[in-house]
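Here is a small set of exercises on reading a protein fold. Try each task yourself before you look at the solution.

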Amino acid sequence: MAVFSPQALSEFQQILTRYPTKRAATLPALHLAQREFGWISPEVMAYVAGLLELPPIKVYEVVTFYTMFHQKPVGRHVIEACATLPCALNGAEALLEHVERRIGIRAGETTKDGRFTLKKAECMAACGGGPCLQVNGDYHEGMTPDKVDRLLEKLA
């Protein structure tokens with residue numbers, strides 16, 4: 001059963017103080033849940049819905065709308081490649097193919113050793129610096145195959 005640790009529960013209570021209603025705290029509560037559990041399972045969705053006093057479908061709608069929430073277990077390093085037009089015009093598709101070859105999986109998959117998950121993402125709001133990758137939440141702009149290789153070496 002999914003239950004926040006005492007520290008996460010305290011953080012959740014702090015989050016609630018910043019919003020006029022519990023429902024308004026849905027996104028930060030889900031971010032907290034993802035940090036706590038690693039991904040947002042149906043059980044975690046139900047738990048968060050209970051804390052927020054919402055029907056579970058309302059939390060499900062948020063989780064399935066935003067690509068930043070992991071709906072299945074992910075690797076230790078989550079690599080997200082922007083697939084929006086500005087990045088695409090700067091070579092994002094070729095860059096994604098390079099990452100796929102280097103780590104041996106396709107977008108939407110996790111390596112068998114659990115080290116990497118590769119995802120396509122829509123707009124990372126870094127259009128001036130494309131192509132852009134986000135790795136474990138950190139932005140990497142102006143990426144090239146050489147820069148990807150150096151980044152992957154650091155993560156290995």
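**Getting started**

Following the sequence, the protein chain runs through the pattern α-α-α-α-β-α-α-β-β-β-β-α. Keep in mind that this is a predicted model, where local features need pLDDT of at least 70, side-chain atom pairs count only at pLDDT 80 or more, and totals for chains, interfaces and linings use all residues. Residues are numbered from 1 along each chain as its sequence is written, and side-chain values use heavy atoms, with hydrogens and water left out.

**Exercise 1: the overall count**

Work out how many helices and strands the protein chain has.

*Solution.* Step one: helices (H or I, at least four residues) and strands (E, at least two) are DSSP runs, numbered from the N terminus. Step two: counting these gives seven helices and five strands in the protein chain. Step three: check how much is hidden; buried residues (under 20% relative accessible area with a 1.4 Å probe, protein chains only; over 50% is exposed, in between partly exposed) make up 42% of the 156 residues.

**Exercise 2: two helices that meet**

Find out at what angle the axes of H2 and H4 cross.

*Solution.* Step one: fit the axes, which are lines through C-alpha atoms, for helices over the stretch in contact, with angles from 0 to 180 degrees between N-to-C directions. Step two: the axes of H2 (residues 26–37) and H4 (residues 56–65) come within 11 Å and cross at roughly 75°. Step three: that angle makes H2 roughly perpendicular to H4, a label for 65 to 115 degrees (under 35 is roughly parallel, over 145 roughly antiparallel, the rest oblique). Step four: look for contact, meaning heavy atoms within 4.5 Å; H2 brings Thr26, Leu27 and Leu30, while H4 brings Val59, Val62 and Val63.

**Exercise 3: order in the sheet**

Put the five strands of the sheet in order and say which are the edge strands.

*Solution.* Step one: two strands pair if DSSP finds at least two bridges between them. Step two: the open sheet has the order E2-E3-E1-E4-E5, with mixed pairing. Step three: E2 and E5 (138–140) are the edge strands, as each pairs on one side only. Step four: go through the pairs.

- E1 and E3 are parallel, over six bridges, and cysteine 82 sits opposite alanine 121 in E3.
- E2 (residues 109–110) and E3 are antiparallel, over two bridges, with glutamate 109 partnered by leucine 118 in E3.
- E1 and E4 are antiparallel over three bridges, and glutamate 80 faces glutamine 134 in E4.

Step five: add the helices. H6 packs on the sheet by touching E1, E3 and E4, and its direction makes about 165° with that of E3. H7 packs on the sheet too, touching E1, E3, E4 and E5, at about 5° to the direction of E4.

**Exercise 4: a closer look at H6**

Which residues of H6 are buried, and what covers them?

*Solution.* Step one: H6 (residues 92–103) has twelve residues and reaches 16 Å from its first C-alpha to its last, close to the expected 16 Å; the expected span is 1.5 Å times one less than the number of residues. Step two: its buried residues are Ala92, Leu95, Leu96, His98, Val99, Glu100 and Ile103. Step three: their cover includes E1 (77–82), H5 (85–89), E3 (116–121), E4 (133–135) and H7 (145–155). Step four: just past H6, glycine 104 takes a positive phi of about 80°.
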